[in-house]
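Colleague: I would like to learn how to read strands, pockets and a buried side chain in a model like this one. Could you take me through them one at a time?

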Amino acid sequence: MSESVPVRCPACRRERLYAVPAWPCACGATVTPLVDGAVPPAVVVHRAWAEEWITLPCPRCARPAQWPHPELGCPCGTVLRLPVTGTAPADPGAAAPDTAPATRPSPDSPGARRDPHPLVIRTALDAVTATVLYLGALGYRDVRRADQRPTVGIGLAAPGLLALVDPSVRPASPRDVECLWLTAMTESARCAYFSLAGYADDARSGADRLGVPLFVLDLTGTPRPVNPAADTFDTDGA
């Protein structure tokens, strides 16, 4: 189970609890970063694409993968990037990779689409983490940063899937949806759009025409389907 660690903001000196995320590895184990509480967090002033991701190995299969670098938004307006020293050990009570169930939870089972540890979205990287957890619950493995950087938002990729996480405060436009669809078409992959601010009316109608699943990420980190294609995506899974 993920833990909460105290983090003191260097700007306002207030202390808050940070819920450490737990990400799904392709082998079925969880990857939990070890946050170093003895090292002060870094203040994020300028965004750099490479700095927003961290490579961590799975504690069970040792397979490395890229994950969003843990961040915390302070009420004073400061965004903090937390120092990570490695990966938490594997849960000794969890099933080994070769004995892990091959099927995912039923779509109708309670919590099948939810992270067991609620993730309040305060930063763009929180939105990415929530989407990665959701895709893992659907059965998508090897979720990683997409090779091509999208014109808006943050691109994620898994075998057969291209997803876009849009943490902006404006509703997604028809062009945003069409660009995702075109990129997915060139890679012969499915696609899905995850937005914090929702979608313009013409973007929704365009997505319905193209069959692009649209989701809205609420502030609890739960993706909500907003069109029929998203309902099908949520039900069918990987």
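Modeller: We will go through the sheets, then a hairpin and a histidine, and finally the enclosed and open spaces.

Modeller: This is a predicted model, in which local features need pLDDT of at least 70 and side-chain atom pairs count only at pLDDT 80 or more, while totals for chains, interfaces and linings use all residues. Residues are numbered from 1 along each chain as its sequence is written, and side-chain values use heavy atoms, with hydrogens and water left out.

Colleague: How should I read a sheet, and which strands lie at the edges of the sheet of 6 strands?

Modeller: Strands of a sheet pair through backbone hydrogen bonds, either parallel or antiparallel. Helices (H or I, at least four residues) and strands (E, at least two) are DSSP runs numbered from the N terminus, and two strands pair if DSSP finds at least two bridges between them. Here an open sheet of 6 strands with mixed pairing follows the order S12-S13-S14-S15-S16-S17; its edge strands, each pairing on one side only, are S12 (144–145) and S17 (223–225). Within that sheet, S14 and S15 (residues 190–195) run parallel and are joined by 6 bridges, with alanine 163 having alanine 192 as its bridge partner in S15.

Colleague: What is the order of the open sheet that 3 strands form?

Modeller: That order is S6-S10-S9, with antiparallel pairing, and S6 (42–43) and S9 are the edge strands. S9 is joined to S10 (residues 79–81) by 3 bridges, and leucine 72 stands opposite leucine 80 in S10.

Colleague: How many residues lie between S7 and S8 in their hairpin?

Modeller: There are 6 residues between them, and alanine 62 in the turn has a positive phi of about 70°. The antiparallel strands S7 (residues 53–57) and S8 (residues 64–68) share 5 bridges, and isoleucine 54 has tryptophan 67 in S8 as its bridge partner.

Colleague: Is histidine 69 buried or exposed?

Modeller: Buried means under 20% relative accessible area, exposed over 50%, and partly exposed in between, with a 1.4 Å probe and protein chains only. Histidine 69 has a relative accessible area of 15%, and is therefore buried; this residue is found in the loop between S8 and S9 (71–73). A polar atom of its side chain lies 2.9 Å from the backbone oxygen of leucine 82. Taking contact as heavy atoms within 4.5 Å, and leaving aside neighbours within four places in sequence, the contacts of histidine 69 include Trp53, Ile54, Leu82 and Leu125.

Colleague: How do I tell a cavity from a pocket, and how many cavities of 30 Å³ or more does the search find?

Modeller: On a 1 Å grid over the protein atoms alone, a cavity is a set of points where a 1.4 Å probe fits but cannot get out, whereas a pocket is an open set with protein on both sides within 12 Å along at least five of seven lines; lining residues have an atom within 4 Å of a point. The search of the whole structure finds 2 such cavities, and the largest cavity holds about 60 Å³ of space. Its lining has 12 residues, with Tyr18, Pro21, Pro70, Asp126 and Thr129 nearest the centre, and H1 gives the most, with 3 residues.

Colleague: Which element gives the most to the lining of the second largest pocket?

Modeller: H2 does, with 4 residues. This pocket has about 190 Å³ of space, and of its 14 lining residues the closest to the centre are Arg149, Pro150, Thr151, Cys179 and Thr183.

Note on methods:
Points joined across faces, edges and corners; volume = space filled by probe spheres on them. Polar contact = N/O pair within 3.5 Å; in protein donor to acceptor, adjacent residues only side chain to side chain.
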